[in-house]
Amino acid sequence: MKEAFKHLGWFFKQEWKSYILCFVLLIIVSLTPLIPAKLLGMAIDAITMETMTKKLFFLYVGGLIFFPVITYLFNIVYHYTINRLGHDLSFKLREKYIDHLFEMDAELYEEYTKGDLIARATNDLQNITVLATSFLQQTIFHTGVIIGAVVMMVLIDPILTLASSIIMPIAIFWLNKKRLKKREYYKTHHEIYANMTESVLESIEGVKTIRAYGQEEEDFKRTKKAIDADVNSWWKILKFEAIYSPMFELVYAVCYFIAIGLGSYMVIHSQITAGDLVTFLLYVAMLYNPLIGLSNVLNSMNSIVIADGRFQEIMDKQPLVKNEENPMPVLKFSTIEFKDVRFRYPFDDFDVIAGINLTIHSGETIGVVGPTGAGKSTFIRQLLREFNVTSGDILIDGRSIAQYKIEDVRNLVGYVPQNHILFRRSVDDNILIGNPNASINEISKAMDIADFKKDLIELPEGSQTMVAELGGSLSGGQRQRLSIARALVKNPEILILDDSLSAVDALTEANIIAHLKETRKEKTNIIVAHRFSAVSTADKIIVMQNGKITDIGTHDELLKYDNWYKMQYLKQIKGDVYEEL
Ligand code: ADP
């Protein structure tokens, strides 16, 4: 718990004035309700002893109205302030979390699922906010009421106080010991919740594929299983609460019974007045909510500590790919050299790239071919600096890629991935993501090169047509061409088409390749393709198998002797295009 408070130290420091105000208001609103109870007792005594005067009567009535009104007004200020603090904190924490997620490298996204990361930013973050708001509120308020009421009770009669309230703390202590069991279970519950979130997300995202394959029922069963697991987990917690929470009411009833019994005995024997007994009983009544509240506060510590741990686990992660001190800027390059580069994904047990040596000269067009899973995508993605290479090095103009500013290195590249990520924005805005400062002419030119212009006629509002989520409203080919236009509008030093021409027909592919040759003469193009027609005019073609470069040469050079390229090429021109690929 101390740790959780420490993690929020920056917020308490920043908002210390509001917290002091809340503290003072809480003390006031916890103590002011004690006064009307006392006034009522005094009024009853004045009536029974026949000492009530008109002046006293108005004083008592006035007091009975004044103090609740004051409490109400202070409560308004208090609740406004604490709610504002709560909103501020959750907003700031979410902002920090998102910033941190953007800073992190790809390894984090390999380790954690989307559902898990979202659960930490919602459910867990909510629990942490509770710590800085209602947890503090309840602790201070309830403690204030309990101390105030007990002091007033002792002032009436210490023996009566001891007899009627001693079992309460003992009962709470015992109940909380029982509840400790729940603490261990909460961690499991959080995992079940994250799994449910992930499952629902997957169903929503994959709804089209699920329908296309008639898998609705299967998917429903799978999602329902995850939801049921979450519901059952909640039931388990609720059942526990249902059994143990009413137990305190039983204990409280016993205390009340003792207070009435012993108190009446004392009144009969003139040890206390009737008014004292009424006041005393009101104080005993006042103890109920704070005691339950305090025990709930202790109980909520479980979920707060776990939530804080889960949230902090992500916040403590440091990216492995980060800028060195004083990184070098890079806007252009002459050569990029792969030197004995090996690469293994963080949670894999084999090298996907198994020793690559290659020099890329600026202005070259390079084709990359090879069987599926050979490591082509992994190899060229090394230029995006998503991960550090496992061994070897990539040199840009003789210096390690690690010495350059990560942002600059990424800016050298316009990457068109296999899975096109399009946003729910207009076609134009989707292209502008590549270069937010691009002019209309530049957008138009990018569309020309990507052969996307012809698609605009088919779109209802041309380039202003809204693209549905993940590009759902466009055909596969249109999505590819739009993604290519987005990369081209950046006019990058290196354009990478990572199997980005697979969904376009042969004619469109030929058009795009011809446009690239014409407009990107000075720039570097890397084209990963399954269809050899996309790479046949490249300056050099790299053949990759099992994470290694097994052949390198121009189309004509590679066709001069028997090799994988020649074999596949012959198959393709015979028509067995994708067999074995
Ligand atoms: P290609 O582009 O030649 O089809 P990839 O580079 O996509 O090959 O994949 C090469 C190997 O790396 C495959 O065995 C694949 O399972 C593995 N792989 C690809 N991406 C990841 C990843 N993010 N995490 C772990 N393994 C991966």
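# Exercises on helix packing, sheets and domains

Helix 5 (residues 54–103) and helix 7 pack with their axes 9 Å apart, at an angle of about 150°. Before we dig in: the model is predicted, so local features need pLDDT of at least 70 and side-chain atom pairs count only at pLDDT 80 or more, while totals for chains, interfaces and linings use all residues. Numbering runs from 1 along each chain as its sequence is written, and side-chain values use heavy atoms, with hydrogens and water left out.

**Exercise 1.** Work out how helix 5 is oriented relative to helix 7, and what the contact of helix 5 with helix 7 has by class.

*Solution.* Start with the terms. Helices (H or I, at least four residues) and strands (E, at least two) are DSSP runs, numbered from the N terminus. Axes are lines fitted to C-alpha atoms, for helices over the stretch in contact, and angles run from 0 to 180 degrees between N-to-C directions. Angles under 35 degrees count as roughly parallel, over 145 as roughly antiparallel, 65 to 115 as roughly perpendicular and the rest as oblique.

Next, apply them: the angle of about 150° makes helix 5 roughly antiparallel to helix 7. The crossing of helix 5 past helix 7 is right-handed (the near helix is turned clockwise from the far one by less than a right angle; anticlockwise would be left-handed).

Then look at the contact (heavy atoms within 4.5 Å). Helix 5 contributes residues including Ile82, Leu85, Leu89 and Leu93, and helix 7 residues including Leu117, Leu125 and Ile128. By class there are 12 nonpolar, seven polar and two charged residues. Here Ala, Val, Leu, Ile, Met, Phe, Trp, Tyr, Cys and Pro count as nonpolar, Asp, Glu, Lys and Arg as charged, and the others, Gly among them, as polar.

**Exercise 2.** Now take helix 7 (residues 114–156) with helix 9 (residues 167–205), and find the angle at which their axes cross.

*Solution.* The two axes come within 8 Å and cross at roughly 130°. Helix 7 and helix 9 are therefore oblique to each other. The crossing is again a right-handed one. On the helix 7 side, Lys114, Asp116 and Asp124 are among the contact residues; on the helix 9 side, Glu198 and Glu205 are among them. This contact divides into five nonpolar, six polar and five charged residues.

**Exercise 3.** Do the same for helix 4 (residues 34–48) and helix 12 (residues 274–315): what is the packing angle?

*Solution.* It's about 160°, and the axes are 7 Å apart. That makes helix 4 roughly antiparallel to helix 12, and helix 4 passes helix 12 in a right-handed crossing. Leu34, Leu40 and Ile44 of helix 4 are among the contact residues, as are Val278, Leu282 and Met286 of helix 12. The classes come out as nine nonpolar, three polar and three charged.

**Exercise 4.** Lay out the open sheet of four strands and name its edge strands.

*Solution.* The order is 2-1-4-5, with antiparallel pairing (two strands pair if DSSP finds at least two bridges between them). Strand 2 and strand 5 (399–400) are the edges, each pairing on one side only. Inside the sheet, strand 1 (residues 335–343) pairs with strand 2 (residues 353–361) over seven bridges. Phe338 has Leu358 of strand 2 as its bridge partner, and Thr335 stands opposite His361. Five bridges join strand 1 to strand 4 (residues 391–396), where Ile336 stands opposite Ile396.

**Exercise 5.** Which strands stand at the edges of the six-stranded sheet, and why is one side of each left without a neighbour?

*Solution.* This open sheet has the order 6-7-8-3-9-10 and mixed pairing. Strand 6 (413–416) and strand 10 (548–553) are at the edges with a single partner strand each, so one side of each has no neighbour in the sheet. Neighbouring strands are turned by 15° against each other on average, direction ignored. Helix 18 (residues 476–488) packs on the sheet and touches strand 6 and strand 7 (494–498), with its direction at about 175° to that of strand 6. Strand 9 (residues 540–545) pairs with strand 10 antiparallel over five bridges, with Met544 partnered by Ile549.

**Exercise 6.** How far apart do the C-alpha centres of domain 1 and domain 2 lie?

*Solution.* Domain 1 is 2–315 and domain 2 is 333–411 + 534–576, bounds that come from an automatic or database domain assignment. Their C-alpha centres lie 59 Å apart. The contact takes five residues from domain 1 and five from domain 2.
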